[in-house]
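User: I am new to this structure and would like to understand how its descriptions are justified. Could you take me through the reasoning, term by term?

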Amino acid sequence: MAACHPLTLAFADRALESSYLESSLERERIQGRAAIIVGSLVYVLYGVLDRWLVPDDAKTAIWTLRLSMLLVPMFVYWASYTPLFNAHRHVLLASVGLAAGVGIIAMLTFLSVESAAYFYPGLVLVTFYTYNFVGTRFIHALCIDFALLLGYNIVFGAVHAYPFEVLASHDFFILSANLIGGTAGYLNEKQKRLLFLRERELNEERHKQLTRALHDSLTGLPNRELLHDRLEQALMRAQRDEVTYCGYFIDLDGFKSVNDRLGHQIGDQLLHQVAQQLKRTVRQSDTIARLGGDEFFYLAEGIRTEADATALAHKIIQSIETAMGDVAADLPLGASIGMCLFPYPGLTEVSDIIRQADHAMYRAKLGGKGVPVLATGDLELQTST
């Protein structure tokens, strides 16, 4: 399990932390917007108490403060639709809680000690709101809520001089809210991070299993199943967008003699080396797959003419001969290639492409090997039935 800071909960691995923050962006954006709407509504409804608790000469000042503080969440709500939110969302969301708390403390300066008993619980609500609802990180909420507690004690302990027992009782409930809300916020964020790690591990394992299922275990190349999918996509694109492709059925000549004379371990080494050489030869956008045994299939995009197809086939043969010569220089090794250009009328199935190229490859073997042969379209389809 990845290490994280015991207080801030940030992952020690910066790349992992960046990935976590990116994965939680949209969730925090939606949660932040909802929290701002609900919090602003509650903040305004707090004004209902003004009728009984706020002196008439202070009501205008109280509402001015209240509406001024609402400018902060309004700005953050707007920012949630901009790149600014992506980079600084936790600070922005924490500022919503800070503005709400500062507003309540400022409003309390206009009230008597007796009225404060009805208004200061707003700080308790702000504490829970910042830790558990607005969507900022635990460490940001912790800093904001303790700053509000410190500010509250400075204003009403030193400046306005609340009676000690009144300030102490207020502190007790605000501290209790910090303890309960902060613990809940800490555990909630920690659980989200653990869930993120677990999902990441599951995705990595799922990717490994999928890779194993769709790739040849010896060479690491796509297997027949993945090739079928790539051919299917190529065939659809060829028919839709008039993109041209060529499928190359590749069979290694003389490979049986490697296994017979040098052993299967050398044979496997040869297959692996040929696969690596083919990967270096073909374009990244194309597909080279192992069908099984000593047979490979190469799907190339943008091959328009027989001359282009043949030129690429000779390049493949030369590449294979180089790779095979490094392993068994004293054996007569090479490759036979059958080619199938598509699309063309009558070819509608992936199996037809492979079959066409396969038949052309056998014609290449009969013709003396080392010379690629192009499938002849409808004639090949007829001979395959």
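**How the terms apply to this chain**

User: How do you know which contacts in the chain join residues at least 24 apart?

Analyst: Contact means heavy atoms within 4.5 Å. Among the contacts between residues at least 6 apart in sequence, 71% join residues at least 24 apart. As for the basis of these values, this is a predicted model, in which local features need pLDDT of at least 70 and side-chain atom pairs count only at pLDDT 80 or more, while totals for chains, interfaces and linings use all residues. Residues are numbered from 1 along each chain as its sequence is written, and side-chain values use heavy atoms, with hydrogens and water left out.

User: What does the radius of gyration of the chain say when it is set against a compact globule?

Analyst: The radius is taken over C-alpha atoms, and the globule rule is 2.2 Å times the number of residues to the power 0.38. For 385 residues a compact globule would come near 21 Å, but the chain has 36 Å. The C-alpha trace spans about 105 × 45 × 30 Å along its principal axes.

User: How many helices and strands does the chain have?

Analyst: The chain has 15 helices and five strands, where helices (H or I, at least four residues) and strands (E, at least two) are DSSP runs numbered from the N terminus. One of the helices is α3, residues 50–53, which holds L53.

User: Why is L53 called buried or exposed?

Analyst: Buried means under 20% relative accessible area, exposed over 50%, and partly exposed in between, with a 1.4 Å probe and protein chains only. L53 has a relative accessible area of 16%, so it is called buried. Not counting residues up to four places away in sequence, L53 touches L111, S115, Y118 and F119; L53 and F119 are 66 residues apart in sequence, yet their C-alpha atoms are 8.8 Å apart in space. Across the chain, buried residues make up 46% of the 385 residues.

User: What makes H170 buried or exposed, and which residues is H170 in contact with?

Analyst: H170 is found in helix α9, residues 164–214, and because its relative accessibility is 4%, it counts as buried. Leaving aside neighbours within four places in sequence, H170 is in contact with A116, A117, Y120, Y152 and Y162.

User: Where does S24 lie, and what is its relative accessibility?

Analyst: S24 lies in the loop between α1 (14–23) and α2 (25–45), and at 2% relative accessibility it counts as buried. S24 and K192 are 168 residues apart in sequence and 9.3 Å apart in space, C-alpha to C-alpha.

User: Why is Q318 called buried or exposed?

Analyst: Q318, in helix α13 (residues 306–327), has a relative accessible area of 56%, and therefore it is called exposed. Q318 and R137 are 181 residues apart in sequence, and their C-alpha atoms are 59 Å apart in space.

User: How many disulfides are counted, and why is C4 not in one with C143?

Analyst: A disulfide is a pair of cysteine sulfur atoms within 2.5 Å, and by this rule the count comes to zero. The closest cysteine sulfur to that of C4 belongs to C143 and is 17 Å away, so it is too far for a bond. C4 has a relative accessible area of 33% and is partly exposed. C340 is in no disulfide either, as the nearest cysteine sulfur, that of C246, is 7.1 Å away; C340 counts as buried at 1% relative accessibility.

User: What is said about the backbone at E242, and is E242 buried or exposed?

Analyst: E242 has a positive phi, near 60°, in a residue other than glycine. E242 is found in the loop between α10 (224–241) and β1 (245–253), and with a relative accessible area of 67% it is exposed. A161, which is not a glycine, also has a positive phi, of about 50°.

User: Which residues does the cis peptide bond join?

Analyst: The cis peptide bond joins F342 and P343, with omega about 15°, and P343 lies in the loop between β4 (334–342) and α14 (350–366).
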